[in-house]
Amino acid sequence: MPTASAVLAVPVLDDLRLQLPSASALERLRLVAKHFPEKAVFSTSFGLEDQIISHLIFENELPIKVFTLDTGRNFQETYSTWNKTLLKYQQPIEVFHPRQESVEELMRTKGPNSFYESVENRKECCYIRKVEPLNRALAGQAAWVTGIRAEQSQNRQTMDPVEWDAAHNLTKIHPLFDWTWEQAVDFAQANGIPVNPLHKQGFVSIGCAPCTRAIKPGEDFRAGRWWWEDLSAKECGLHSTTAHHDGPDPVVEPVEKQH
């Protein structure tokens, strides 16, 4: 049975589904702020898409709270981008860390690299460092803005730019859903937005340092995440098809264009 929040959200969802397709990214964010006053949040991991959304929120003083998850295993380049973002916009970014006792217990019993040993261990680490902090960040909120784009993978092409997130009991909005990678690059350059330097090295999806690598041309957008699991799955035939990144490949066309 749908929750009360889900039932109440239906008219808003219908309204957003009608208005979002023809709206610009900024207009989409304005609609979010209008429909969910003081109850909208944006999660950033300081990748290209997230930096664009942060720019739009901060430059236009939209009442959408920006937060990030500091897993404790981020790349130094991500921390540098975070710092540059604070210096440029002079706006706060709320931080959610994993619970200290959970990290200490994991490290004590399984060590720092248990996620390489099994899918179960990896999911345990992800839960402690990302899922549980995210649950706290989204608690009590009505709308969650993300940097998801449709062209990132075939799986994401089946999503909608606005949807109901039953797991967190809120509306989820992707204001850059129909943007291409090239559009994002051009917008960031034109507006002087701080960009994570890892993008120039072929990283399109940037997560924790031990679990992320650059992708090769033609690989799935998410192929650089938990790559050891992808390889083992392909060898045993669990995944018969692979989604490919169809947009401009950042390995071939880096963020910083040559002049």
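The legends below describe close-up views of a predicted model.

**View 1. Helix 5 and helix 6 cross with axes that come within 10 Å.**
Helix 5 spans residues 100–110 and helix 6 spans residues 119–138. Their axes cross at roughly 155 degrees. Angles over 145 degrees count as roughly antiparallel, and helix 5 and helix 6 are therefore roughly antiparallel to each other. The handedness of this crossing is left-handed.

**View 2. Residues of both helices make the contact between helix 5 and helix 6.**
Helix 5 contributes Ser102, Val103, Leu106, Met107 and Lys110. From helix 6 come Asn121, Glu124, Cys125, Ile128 and Arg129. By class, the residues of this contact are five nonpolar, two polar and three charged.

**View 3. Six strands form an open sheet with mixed pairing.**
The strand order is 3-2-1-4-6-5. Strand 3 (94–96) and strand 5 (162–165) are the edge strands, and each pairs on one side only. On average, neighbouring strands of this sheet are turned by 30 degrees against each other, direction ignored.

**View 4. Strand 1 and strand 4 run parallel and are joined by three bridges.**
Strand 1 covers residues 40–43, and strand 4 covers residues 143–145. Phe42 has Val145 of strand 4 as its bridge partner.

**View 5. Helix 6 packs on the sheet.**
Helix 6 touches strand 1, strand 2 (65–69), strand 3, strand 4 and strand 6 (170–173). The direction of helix 6 makes about 165 degrees with that of strand 2. Helix 6 is also the partner of helix 5 in the left-handed crossing of View 1.

How values were computed: Residues numbered from 1 in each chain as written. Predicted model: local features only at pLDDT ≥ 70, side-chain atom pairs only at ≥ 80, totals over all residues. Heavy atoms only, no water. Axes fitted to C-alpha atoms, helices over the stretch in contact; angles between N-to-C directions. Helix = DSSP H or I, 4+ residues; strand = E, 2+ residues; numbered from the N terminus. Parallel < 35°, antiparallel > 145°, perpendicular 65-115°, else oblique. Left-handed = near helix turned anticlockwise from the far one by under 90°. Contact = heavy atoms within 4.5 Å. Nonpolar A, V, L, I, M, F, W, Y, C, P; charged D, E, K, R; others polar. Pairing = 2+ DSSP bridges.
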